[in-house]
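Trainee: I should like to understand how the terms used for a protein model are justified. May we go through some of them together?

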Amino acid sequence: MRNGKSFAGAIVALAVLASACSASGGGSGGSDLSGSLFISGSSTVEPVTALVAEFFVEENSNVNITVEGPGTSDGYELFCNGETDVQDASRAIDEEEIAACEKNGIEYVELYIAIDGMAVLTSPQNQSAPSCLNINDLYALIGPESEGFNSWSDANKLGEKVGGIGTPYPDQQLDLVAPGEESGTYFSFIDLAIADLAEKRKQEEITRPDYVASANDNVIVEGISGSPNSLGWVGYAFFEQNQDVLKPIPIAPLGGSNGECVSPSPETIESGEYPLSRPLFIYVNQEKARTNPALKAFVDLYMTDQGLKTAVTEVGYIEAPPEDLQATRSAWEEFAATL
């Protein structure tokens, strides 16, 4: 089974000599740079950052870089405590985290680096899974009102009530395996699939608590692929890398019929046609960039085509639209000019 972390492992410790990289290219000169970088956060963004670190080490050798992926929420806690240089994030920083950063005097640069989609999945062994679901079906099966549903068919009444198109669901056990609350992928799913209907129905904006949750995408892939009754979701890149053992369920836009089902693909995610797509970010600690030239050099390289295009596409994500890439580069260049 391939894993999105295969580029550098779950925790990447690289000895690199960071060079003075410019926004137009990276990896020349600057042999006097030394020190270390600690990057944490999203397991979804981790493989992109790890690959950028690998590019960095090809021409440099004296800066120790650690990249890990415990989850977006856990990463924000470290970042807002001033413990990390860069935060990988599969969702934007929220109000509570902004307040925590402000309390600790942590200023940052937000950089939008790529687009990802979340694939809703079951096992290829599941021959009874619906051929298409919409957002309301996902609420009926996974949302806060589905707690205690032991079979797919337990959600039939709720699915009909909220406007699902996948009913009647199969009369078979329901084995849910998906990201937990430490993962940005969890909160992105809440935002895109649960929140609106939960608010309308005066429910808490959460998933049902009674499922197998993990921050490790490999565990989720193994859980979904290993059960003929499974349902879950992961970032699109992890599905793509494991599509031999996973079966995607197409998702229709709200109000859509079975004829309007959309499968996740680079094209449908980039166009926004696929309903479960999201931006990916990195956040850079401003003070650490001021005091650590290696950090500036690393982010300079990240902002080149080698980072925002080559690394992004090699790990299976989608390039951000050109205007967004330019805005990202401009945001970094504006800050870097103050260093």
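Mentor: The following discussion sets values from this predicted model against the definitions of the terms.

Trainee: Why is Ser230 called buried?

Mentor: Buried means a relative accessible area under 20%. Ser230 has a relative accessible area of 0%, so Ser230 is buried. The residue is found in strand 9, which covers residues 230-235.

Trainee: Which residues are in contact with Ser230, leaving aside its neighbours within four places in sequence?

Mentor: They are Leu121, Thr122, Ser123, Asn126, Trp152, Asp175, Gly223 and Ile224. Contact means that heavy atoms lie within 4.5 Å.

Trainee: What makes the pair of Ser230 and Ile224 a polar contact?

Mentor: A polar atom of the side chain of Ser230 lies 2.7 Å from the backbone oxygen of Ile224. The cut-off for a pair of N or O atoms is 3.5 Å, and one atom must be able to donate a hydrogen and the other to accept it. The value of 2.7 Å is within 3.5 Å, so the distance condition is met.

Trainee: How do you know that strand 4 is paired with strand 2 and with strand 12?

Mentor: Two strands pair if there are at least two bridges between them. Three bridges join strand 2 (residues 35-41) to strand 4, therefore these strands pair, and they run parallel. Four bridges join strand 4 to strand 12 (residues 277-285), so these strands pair also, and they run antiparallel.

Trainee: Which residues stand as partners in these pairings?

Mentor: Gly41 has Asp88 of strand 4 as its bridge partner, and Gln87 stands opposite Tyr283 in strand 12.

Trainee: Which way do the residues of strand 4 point?

Mentor: In strand 4 (residues 86-89), Val86 and Asp88 point one way, while Gln87 and Ala89 point the other way. All of them are buried.

Trainee: What makes helix 4 mostly covered?

Mentor: Eight of the eight residues of helix 4 (residues 135-142) are buried. Among them are Ile135, Asp137, Tyr139 and Ile142.

Trainee: What is found at the start of helix 4, and what at the start of helix 3?

Mentor: At the start of helix 4, a side-chain oxygen of Asn134 reaches to within 3.0 Å of the backbone nitrogen of Asn136. At the start of helix 3 (residues 95-103), a side-chain oxygen of Asp94 reaches to within 3.2 Å of the backbone nitrogen of Glu96. Helix 3 is followed by Gly105, whose phi is positive, near 70 degrees.

Trainee: Which residues line the second largest pocket, and what is its volume?

Mentor: Its volume is about 160 Å³. The lining includes Asp94 and Glu96, together with Ser73, Tyr76 and others. Helix 2 (72-80) supplies the largest share of this lining, four residues.

Trainee: Why are four residues of that lining counted as charged?

Mentor: Asp, Glu, Lys and Arg count as charged. The lining includes Glu77, Asp94, Glu96 and Glu97, so these residues count as charged. The lining also has three nonpolar and three polar residues.

Trainee: What is the volume of the largest pocket, and which residues are closest to its centre?

Mentor: The largest pocket has a volume of about 360 Å³. Of its 17 lining residues, Arg91, Phe187, Ser188, Ile190 and Asp191 are the closest to the centre. Helix 6 gives the most to this lining, with six residues. By class, the lining divides into eight nonpolar, three polar and six charged residues.

Terms used. Residues numbered from 1 in each chain as written. Predicted model: local features only at pLDDT ≥ 70, side-chain atom pairs only at ≥ 80, totals over all residues. Heavy atoms only, no water. Helix = DSSP H or I, 4+ residues; strand = E, 2+ residues; numbered from the N terminus. Buried < 20%, exposed > 50% of the residue type's maximum accessible area, 1.4 Å probe, protein only. 1 Å grid on protein atoms, 1.4 Å probe; cavity = no way out; pocket = protein on both sides within 12 Å on 5 of 7 lines; lining within 4 Å. Points joined across faces, edges and corners; volume = space filled by probe spheres on them.
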